Amino acid sequence: MSNPSLLILPGDGIGKEVMAEVRRIIEWFGDKRSLTFDVSEDLVGGAAYDVHGTPLHDDTMAKAQEVDAVLLGAVGGPDYDNLDFSVKPERGLLRLRKEMDLFANLRPAQCFDALADFSSLKRDIVSGLDIMIVRELTSGSYFGEPRGIFEEDGQRVGINTQRYTEAEIDRVARSAFELARRRNNRVVSMEKANVMESGILWREVMEKVHQEYQDVELSHMYADNGAMQLVRAPKQFDVIVTDNLFGDILSDCAAMLTGSLGMLPSASLGAPMENGRPKAMYEPVHGSAPDIAGQGKANPSACILSFAMALRYSFDAGEEATRLETAVEKVLADGVRTADLMQTEEAQPVSTSQMGDAILAALDASL
Ligand code: IPM
Ligand code: MG
């Protein structure tokens, strides 16, 4: 059988630096665990725009459809702020999500004990935090039609449409219930059924799908209350399932509870392919961080942990995923810190590649 294939899209800013460390980790698994991947690399975002005049070339899109999993760094940067909306770096990312039909975006928010004091919340509120946000990623107000800026009665009006079909809600509901079964069996669904029809339908479909998952506890929360509960008592949650826009906002909120965006991975999953693996793209939650790009300051952990999610969700290698996650945790516990993980200026932070070295050393030690 041929090796599983990976398409690496480092993108812009720190995406390139953090992905370089992920490549070393991928090689380690080939050398030491006989988990060998066929790796190819291509451009996305501003980097693609610079070469092709588009944030995602059709050939790259076609490759993404063929591989077993895509690993993406980050897109965007100040050089591209004034580009036409249709060719902004973000459009490349959104096209990948939409055309691969990656409807379930898994965003874990886990608080590493060594970092609990970095949270803006008190240690006892966040220590041990382990929640999973399942964000619908291919529909809702990000893609609904009509959309645009139109003339109406002599003035311009900006329009986006919140739109969900039953089938779209049904499939993300199943993803959330399935995940909850592998965790603590609790799902909280968030919408605004008090003001939005799409929210009423969302709640109804959640209830309907729940009939098939009676072993999982389902409850509903208005998304604004959900935001409040996330900062009041985040440990009440196990799995949260919500739409595209609420999920964008709530996942940033949940992420920051953990103290650093530099630690958080994500997985975007679609329907199973012919080989049984889901269509999948893995990316860190953080952005391209243009302010520190190219300086070797970025924390590669979120991108490395995204590869761990790939091992678990695409390659059925849960034990190896845990090995990698444990290595990252050990490095943190040992006090190794990139600049984003330091509160004072006194100590000396490690560089991106030194963080990679430390994680590789911890992996070696795990054998
Ligand atoms: C995210 C980001 C993206 C989004 C942007 C970069 C298009 O904020 O992945 O959360 O809004 O989905
Ligand atoms: Mg976001």
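The following legends describe close-up views of a predicted model.

**View 1. Surroundings of ligand 1.**
The residues around ligand 1 are Glu90, Arg97, Arg107, Arg135, Tyr142 and Asp248. By class, this shell comprises 5 charged residues, 1 nonpolar residue and no polar residue. Three side chains place polar atoms beside oxygen atoms of the ligand. For Arg107, an N or O atom of the side chain is 2.7 Å from an oxygen atom of ligand 1. For Arg135, the separation between a polar side-chain atom and an oxygen atom of ligand 1 is 2.8 Å. For Asp248, a polar side-chain atom lies 2.9 Å from an oxygen atom of ligand 1. Ligand 1 taken alone exposes 320 Å², of which the protein buries 73%.

**View 2. Helix H1 and its packing partners.**
The 20 residues of H1 should span 28 Å at 1.5 Å a residue, and the end C-alpha atoms are 28 Å apart, so the two values agree. The buried residues of H1 are Ile14, Gly15, Glu17, Val18, Met19, Glu21, Val22, Ile25, Ile26, Trp28 and Phe29. These buried residues pack against three strands, E1 (5-11), E2 (38-41) and E3 (69-74), and against the helices H10, H11 and H12. Just after H1, Ser34 adopts a positive phi of about 55°.

**View 3. Glu21 within helix H1.**
Glu21 is located in helix H1. Its relative accessible area is 7%, under the 20% limit, and Glu21 is therefore classed as buried. Residues up to four places away in sequence being disregarded, Glu21 touches Pro300, Ile304, Thr352, Ser353 and Gly356. Of these contacts, Thr352 and Gly356 are among the buried residues of H12.

**View 4. Helix H12 and its packing partners.**
Helix H12 covers residues 352-365; at 1.5 Å a residue its 14 residues should span 20 Å, and the end C-alpha atoms are 20 Å apart, in agreement with that expectation. Thr352, Met355, Gly356, Ala358, Ile359, Leu360, Ala362 and Leu363 are buried in H12. The buried residues of this helix pack against helix H1 (14-33), helix H10 (301-313) and helix H11 (318-333).

**View 5. Ala293 and its contacts.**
Ala293 belongs to the loop between strand E12 (278-284) and H10. With a relative accessibility of 25%, which falls between the limits of 20% and 50%, Ala293 counts as partly exposed. Ala293 and Gly13 are separated by 280 residues in sequence, yet their C-alpha atoms are 4.9 Å apart in space. Apart from neighbours within four places in sequence, Ala293 is in contact with Gly13, Ile14, Glu17 and Ser288. Ile14 and Glu17 are among the buried residues of H1.

**View 6. Backbone geometry at Pro146, Asp101 and Asn185.**
Most peptide bonds are trans, and most residues other than glycine have a negative phi. The peptide bond from Glu145 to Pro146 is cis, with omega near 0°. Pro146 lies in strand E6, which is formed by residues 144-152. Asp101, a residue other than glycine, has a positive phi near 55°. Asp101 is situated in the loop between helix H4 (89-99) and strand E4 (104-110), and is partly exposed at a relative accessible area of 30%. For Asn185, likewise a residue other than glycine, phi is positive and near 65°. Asn185 is found in the loop that connects helix H6 (166-181) and strand E8 (186-191), and its relative accessibility of 26% places Asn185 in the partly exposed class.

Methods: Residues are numbered from 1 along each chain as its sequence is written. Chains are lettered from A and ligands numbered from 1 in the order in which they are written. This is a predicted model: local features need pLDDT of at least 70, side-chain atom pairs count only at pLDDT 80 or more; totals for chains, interfaces and linings use all residues. Side-chain values use heavy atoms; hydrogens and water are left out. A residue is near a molecule or strand if one of its heavy atoms lies within 4 Å of it. A polar contact is a pair of N or O atoms within 3.5 Å; within protein, one must be able to donate a hydrogen and the other to accept it, and residues adjacent in sequence count only if both atoms are side-chain atoms. Accessible areas come from the Shrake-Rupley method with a 1.4 Å probe; for residues, only the protein chains shown count as cover. Ala, Val, Leu, Ile, Met, Phe, Trp, Tyr, Cys and Pro count as nonpolar, Asp, Glu, Lys and Arg as charged, and the others, Gly among them, as polar. Helices (H or I, at least four residues) and strands (E, at least two) are DSSP runs, numbered from the N terminus. The expected span of a helix is 1.5 Å times one less than its number of residues. Buried means under 20% relative accessible area, exposed over 50%, partly exposed in between (1.4 Å probe, protein chains only). Contact means heavy atoms within 4.5 Å.
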